[in-house]
Amino acid sequence: EFTCAVPMTRIRDIAHRGDIPHDMKQYIKHNLQNKLHRCADPGDLIKLDQLVERVDREGGYSQAFVRELKLFQVELRDFFNATGLDDTARQIAAQDASIKGA
């Protein structure tokens, strides 16, 4: 579907957008972009999920920014092949009431 360059290019573009505050640019650059370029690991998905939750909670961001951020979230999950794992875990948890989500 895509190579490693696609999500990495998207996060760079997101970090350099003109429609987000400087502190958000710096957060994205230092906590996601630079980290992903140095040594990407699945823990970065958690950091991204927290960022998306923050953006949704705070509101006030452009629809274009939110759309790109959420698209990046999907791409990064695909990159780490986490989408299938998440879906499988949810299905198992739904079938077994003794299993609780995190």
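Here are four short exercises, with worked solutions, on the predicted model above.

**Exercise 1. Confidence**
Find which helix has the lowest mean pLDDT and which has the highest.

*Solution.* Start with the whole protein: its average pLDDT is 83, and 81% of the residues score at least 70. Next, go through the elements. Helix α5, residues 82–95, comes lowest with a mean of 68, while helix α3, residues 43–58, comes highest with 94. A word of care: where pLDDT is low, the predicted coordinates should not be read in detail.

**Exercise 2. Helix packing**
Work out how helix α2 is oriented relative to α3.

*Solution.* First, take the geometry: α2 (residues 22–39) packs against α3 at an angle of about 165°, and the axes are 11 Å apart. Angles over 145 degrees count as roughly antiparallel, so α2 is roughly antiparallel to α3. Finally, add the handedness: the two helices cross in a left-handed sense.

**Exercise 3. An aromatic pair**
Classify the pair formed by the rings of Y61 and F65, then decide whether each residue is buried or exposed.

*Solution.* The structure holds 1 aromatic pair. Its ring centres, those of Y61 and F65, are 5.5 Å apart, and the planes meet at 45°, so the pair is tilted. Now turn to accessibility, where buried means under 20% relative accessible area. Y61, at 16%, counts as buried. F65 has a relative accessible area of 0% and is buried too.

**Exercise 4. A charge over a ring**
Locate R54 with respect to the ring of Y27.

*Solution.* Look at the face of the Y27 ring: R54 lies over it, 5.2 Å from the ring centre. That distance fits the cut-off of 6 Å for CZ of Arg.

Conventions
Residues are numbered from 1 along each chain as its sequence is written. This is a predicted model: local features need pLDDT of at least 70, side-chain atom pairs count only at pLDDT 80 or more; totals for chains, interfaces and linings use all residues. Side-chain values use heavy atoms; hydrogens and water are left out. Rings of Phe, Tyr and Trp (its six-membered ring) pair if their centres lie within 6.5 Å; planes under 30 degrees apart count as stacked, over 60 as edge-to-face and the rest as tilted. Buried means under 20% relative accessible area, exposed over 50%, partly exposed in between (1.4 Å probe, protein chains only). A charge sits over a ring if NZ of Lys or CZ of Arg is within 6 Å of the ring centre and within 35 degrees of the ring normal. pLDDT is the predictor's confidence in each residue, from 0 to 100. Helices (H or I, at least four residues) and strands (E, at least two) are DSSP runs, numbered from the N terminus. Axes are lines fitted to C-alpha atoms, for helices over the stretch in contact, and angles run from 0 to 180 degrees between N-to-C directions. Angles under 35 degrees count as roughly parallel, over 145 as roughly antiparallel, 65 to 115 as roughly perpendicular and the rest as oblique. A crossing is left-handed if the near helix is turned anticlockwise from the far one by less than a right angle, and right-handed if clockwise.
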